[in-house]
Amino acid sequence: MTAPAASPVLSVRGLSVRFRMRGGAHVAAVTDARFDLAPGECLALVGESGCGKSVLASALLGLLPGNAETAGSALLGGLDLLTADERTLARTVRGRRVGLVPQSPAAHLTPVRTVRSQLEETLRELTGVRRPALRAAAEAAAERASFPVGHLDRYPHQLSGGLAQRAATALALIGDAPLLLADEPTTGLDRELVDRTVDELRRHVGDDRALLLITHDLAAARRIADRVAVMYASRVVEIAAAEDFFGAPGPRHPYARGLLDALPEREFTPIPGMPPELSALPEGCAFAARCAGADETCGTQPALTSGVACHHPVTAALEAPRA
Ligand SMILES: Nc1ncnc2c1ncn2[C@@H]1O[C@H](COP(=O)(O)OP(=O)(O)OP(=O)(O)O)[C@@H](O)[C@H]1O
Ligand code: SF4
Ligand SMILES: [Mg+2]
């Protein structure tokens, strides 16, 4: 008898986020997202700049601005993150049940306090560690994120972008939250540190936590992700096992295939054209204007069925990377 599948850490259904703009216009930043994250799983969310990745993460943390309207649900252990009140989110969710490595760490660090003092405060709040153990605990937290202990007494403005990134990662790991959202956690890091950072995130997930890794770095996604979700113009257009996506048969959505083909080790050809404005999305497939396979059927919105939202998914096997 097979064991029943463990319940997901996070279950997202029909998640949409729209921003109300002046003059009655709307920006559709996330449209109808649907995915689960299982215990021990890492899902990499990839896609061009502006497609809605960070807005999706902000929605899960209740950090959207006042002009945002949300729909759908995002269940984390019975709590709907989209409808939870601010008090619940502040006291029990952020840091404790959902950790965030923010995309702009400098903006999330407190400018007037050293990294050490911010780590110690977070440790006191989330783990109850007290002096004299606090100092060693802060140093251990820094080391987990490859933040050099010799720089702990620096203020955020004295840190390079890469160091601020590592400080933010160290802070995000402290609460051992069941769900970790890492939004571009490797920006500004060299390849070796990218690998170390994503390996640490992966280790952190272990068997019972889950990681949503938002990244432009497909090599980092390939290194640690179990599944890959590709977002285009606010929608998840493909969701696939990482080994199928990066190996054979390869991505099936023409946009996702284009992302891989744009890599230097493949064809190194960028996808032609630009994504549409999120305030003026077409009725049908939003990729049609850039897609060589578009025809009249693409004037209707393709549903995400069998992991791909396309009327004519790619069937050719992905070519091996250039040696
Ligand atoms: N407060 C806001 N009001 C209106 N539009 C917004 C607001 N915040 C974000 N947007 C828009 O939502 C869209 C998605 O933004 P988001 O930051 O999620 O992109 P992203 O995929 O994370 O991009 P990047 O890879 O550059 O980080 C963008 O078009 C952005 O301009
Ligand atoms: S639905 Fe049509 S336009 Fe959209 S990606 Fe598929 S083939 Fe291209
Ligand atoms: Mg972003």
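# A tour of the cavities, pockets and ligands

Begin by selecting Y232, R235, V237, H253, C285, A286, F287, Q301, P302 and A309, which together line the largest cavity. What you have open is a predicted model, and the volume of this cavity is computed as about 60 Å³. If you colour the selected residues by class, you should find 7 nonpolar, 2 polar and 1 charged in the lining of the largest cavity. The structure holds 2 cavities of 30 Å³ or more, and the other one is the next stop.

For that second largest cavity, clear the selection and pick F35, L43, L45, L212, A229, V236 and I239, the residues that line it. Its volume is about 30 Å³, and its lining consists of 7 nonpolar residues, with no polar and no charged ones. If you switch to a cartoon view, look for strand 3 (42-46) and strand 10 (235-241), each of which supplies at least two residues of this lining.

Now turn from the cavities to ligand 2, and ask which residues come nearest to it. Of the 13 residues around ligand 2, they are C285, C291, C298, C310 and H311, and you may recall C285 from the lining of the largest cavity. The shell around ligand 2 has 9 nonpolar and 4 polar residues, and no charged residues.

Keep ligand 2 on the screen, for the space it takes is the second largest pocket. This pocket has a volume of about 320 Å³, and of the 23 residues that line it, the closest to its centre are P254, F287, R290, C291 and A292. Two of these names have already come up on the tour: F287 also lines the largest cavity, while C291 is among the residues nearest to ligand 2. Sorted by class, the lining of the second largest pocket has 14 nonpolar, 6 polar and 3 charged residues.

Next, centre the view on ligand 1, which has 15 residues around it, and select S49, G50, K53, Q103 and H216, the ones that come nearest. Where does an oxygen atom of ligand 1 lie 2.4 Å from an N or O atom of a side chain? Zoom in on S49, whose side chain holds that N or O atom. Then move to H216, where an N or O atom in the side chain is 2.8 Å from an oxygen atom of ligand 1, and after that to C51, where a polar backbone atom is 3.2 Å from an oxygen atom of the ligand. On its own, ligand 1 has 640 Å² of accessible area, and the protein covers 70% of this.

While ligand 1 is still in view, highlight helix 1 (residues 53-60), which gives the most to the shell around this ligand, with 3 residues. The shell as a whole divides by class into 7 nonpolar, 7 polar and 1 charged residues.

The last stop is the largest pocket, which has a volume of about 650 Å³. It is lined by 25 residues, and a good way in is to select R94, G95, H108, T122 and L171, which lie nearest its centre. Which helix gives the most to this lining? Helix 4 does, with 5 residues, and you can follow it along residues 115-127. Helix 2 (86-93), strand 6 (98-101), helix 3 (105-108) and helix 6 (161-173) are also worth showing, as each supplies at least two residues of the lining. By class, the lining of the largest pocket has 12 nonpolar, 7 polar and 6 charged residues.

Key
Residues numbered from 1 in each chain as written. Chains lettered and ligands numbered in written order. Predicted model: local features only at pLDDT ≥ 70, side-chain atom pairs only at ≥ 80, totals over all residues. Heavy atoms only, no water. 1 Å grid on protein atoms, 1.4 Å probe; cavity = no way out; pocket = protein on both sides within 12 Å on 5 of 7 lines; lining within 4 Å. Points joined across faces, edges and corners; volume = space filled by probe spheres on them. Helix = DSSP H or I, 4+ residues; strand = E, 2+ residues; numbered from the N terminus. Nonpolar A, V, L, I, M, F, W, Y, C, P; charged D, E, K, R; others polar. Near = heavy atom within 4 Å. Polar contact = N/O pair within 3.5 Å; in protein donor to acceptor, adjacent residues only side chain to side chain. Areas by Shrake-Rupley, 256 points an atom, 1.4 Å probe, with all protein chains shown as cover. Sits in = over half its atoms within 2 Å of the grid points.
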